Amino acid sequence: MPFNLTSNQKQTITWLSVALAFILLLSLLGPILMPFIVAAILAYVLNPWLDKLCKIKIKGIHLPRPIAATLMILLVVACILAIVLIMVPILQKQIPLLHNQIPQFLNRFNTLVGPILHDFGIQATIDSEGIKAIISDHLASSGDVIGKAVLSSIRVGGTAVLGMLANFILIPIVLFYLLVDWHALIGRLRNFIPRRWLKQTQTWFKEVDELLAQYLRGQIMVMVILAIYYSLGLAIAGFDLALPVGILTGLLVFIPYLGYGLGLFLALVSAVLQFNDLHGLVAVGIVYGVGQALESFILTPKLVGERIGLHPLTVIFALMAFGQLFGFIGILVALPASAVISVAAKNLRLSYLNSSFYRQS
């Protein structure tokens, strides 16, 4: 018996096919979507602050949205440049010192661990002189290393370098237009939703928006506070690389678990290379232990709430899965996308539990 479809069912299938084709097209265009995705994330985060900025009156006149958007983008660019200008000179100064510090650490390691291994009948030592020669060849001058790397990148992948620069230039341009037309764009997207799904879709989007707003905007405040805390804590402990390591640790908090672990690893490496005793390791343990407690018990509950309510294993899997599928952009959108998926999954679960398919005995 032939399967007859009604007119509404045919239209539904047609438009769902169009939507799937559009999603497929976006996946094929993935390599060029990076500036648009980054700009969209920034626009979503900055839009509430931009709305407040536009309410400011200057001589009785509200600040025009294009001017307010320009000021907001300049502020973001200034913050990014400030971080780069702070960190790059410090790293350029400290990296060349590694070719002296690493062999010294290896000698101390041999002195400490060698006798212990000898007691167990293991004859093993680290060739610190050989490693020093290798490091000296590669880290004799950070300027030369950086210059050679840049020149090599330009020779080998000039097109890729130009494409990256173009993306960085394109992000603030796309961000400007998104901020200026944000409410109009949201209204146009709302008009595309089928009327019979409008109420339910708006409810879902409102739930997702509250979830993402709580996470993204709160997480930014947590990142800033922790960057200041770790920088000050490591500086008080006498770390030469306190500023770059502290800032990186704070900024990497947006990658749950993995970010903190990487920051802790960088601090431990810095402690081992700088200090001749356990002072550095103890200082790292105290600073990062207090920092983790500060984040978990004070900052996150107050500023972020319960985040997106995902199990730690789910978060790690989401980061790895989206990173594998979409690269660095996947890592950026992993948690927001997981929030959307979690809301959809929750509603699908409720629909399933209320369906006759589930309830029929």
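**Nonpolar cores, helix H10 and a single salt bridge**

Leu-175 is in contact with Ala-39, Leu-42, Ala-43, Leu-46 and Ile-73, when neighbours within four places in sequence are left aside. The model is a predicted one. A second, separate core of 19 residues is also present, and Leu-241, Ala-242, Ala-283 and Leu-299 are among its members.

In the largest nonpolar core, which has 26 residues, the members that touch the most others are Ala-43, Tyr-44, Leu-50, Leu-175, Leu-179, Leu-212 and Leu-216. At least two residues of this core are supplied by each of five elements: helix H2 (34–54), helix H3 (65–94), helix H6 (142–180), helix H8 (195–236) and helix H12 (312–353). H2 gives the largest share, with seven residues.

The chain as a whole has 13 helices and two strands. Of its 361 residues, 30% count as buried. Among contacts between residues at least 6 apart in sequence, 70% join residues at least 24 apart. The chain exposes about 23400 Å², and 73% of this area is supplied by carbon and sulfur atoms.

Helix H10 covers residues 258–274. Its 17 residues should span 24 Å at 1.5 Å a residue, and the end C-alpha atoms are 24 Å apart, so the expected span and the model agree. The buried residues of H10 include Gly-259, Gly-263, Ala-267, Ser-270, Ala-271 and Leu-273. Ser-270, which is found in this helix, has a relative accessibility of 8% and therefore counts as buried, the limit being under 20%. Not counting residues up to four places away in sequence, Ser-270 touches Phe-239 and Leu-241. Leu-241 also belongs to the second core.

Leu-264 likewise has its place in helix H10. Its relative accessible area is 26%, so Leu-264 is partly exposed. Outside its neighbours within four places in sequence, Leu-264 is in contact with Val-284 and Tyr-288. Leu-264 and Tyr-288 are 24 residues apart in sequence, whereas their C-alpha atoms are 7.0 Å apart in space.

The structure holds one salt bridge. This salt bridge is formed by Arg-65 and Asp-51, with the closest N and O atoms 2.9 Å apart. The pair links distant parts of the chain, as Arg-65 lies in helix H3 and Asp-51 in helix H2, 14 residues apart. The two partners fall into separate accessibility classes: Arg-65 has a relative accessible area of 16% and is therefore buried, while Asp-51, at 22% relative accessibility, counts as partly exposed. The cut-off between these classes is 20%. Helices H2 and H3, which hold the two partners, each also supply at least two residues of the largest nonpolar core.

A nonpolar patch lies on the surface and is formed by Leu-20, Phe-22, Ile-23, Leu-25, Leu-26, Leu-29 and Ile-32. Together these residues have about 660 Å² of accessible area. One of them, Ile-23, has its place in helix H1 (residues 7–28). Ile-23 has a relative accessibility of 53% and so counts as exposed, the class being set at over 50%.

Definitions and conventions
Residues numbered from 1 in each chain as written. Predicted model: local features only at pLDDT ≥ 70, side-chain atom pairs only at ≥ 80, totals over all residues. Heavy atoms only, no water. Core = buried A, V, L, I, M, F, W, Y, C linked by side-chain atoms within 4.5 Å. Buried < 20%, exposed > 50% of the residue type's maximum accessible area, 1.4 Å probe, protein only. Helix = DSSP H or I, 4+ residues; strand = E, 2+ residues; numbered from the N terminus. Contact = heavy atoms within 4.5 Å. Expected span 1.5 Å × (residues − 1). Patch = residues over 30% accessible without salt bridge, like charges linked within 9 Å, V, L, I, M, F, W, Y side chains within 5 Å. Areas by Shrake-Rupley, 256 points an atom, 1.4 Å probe, with all protein chains shown as cover. Salt bridge = Lys/Arg side-chain N within 4 Å of Asp/Glu carboxyl O.
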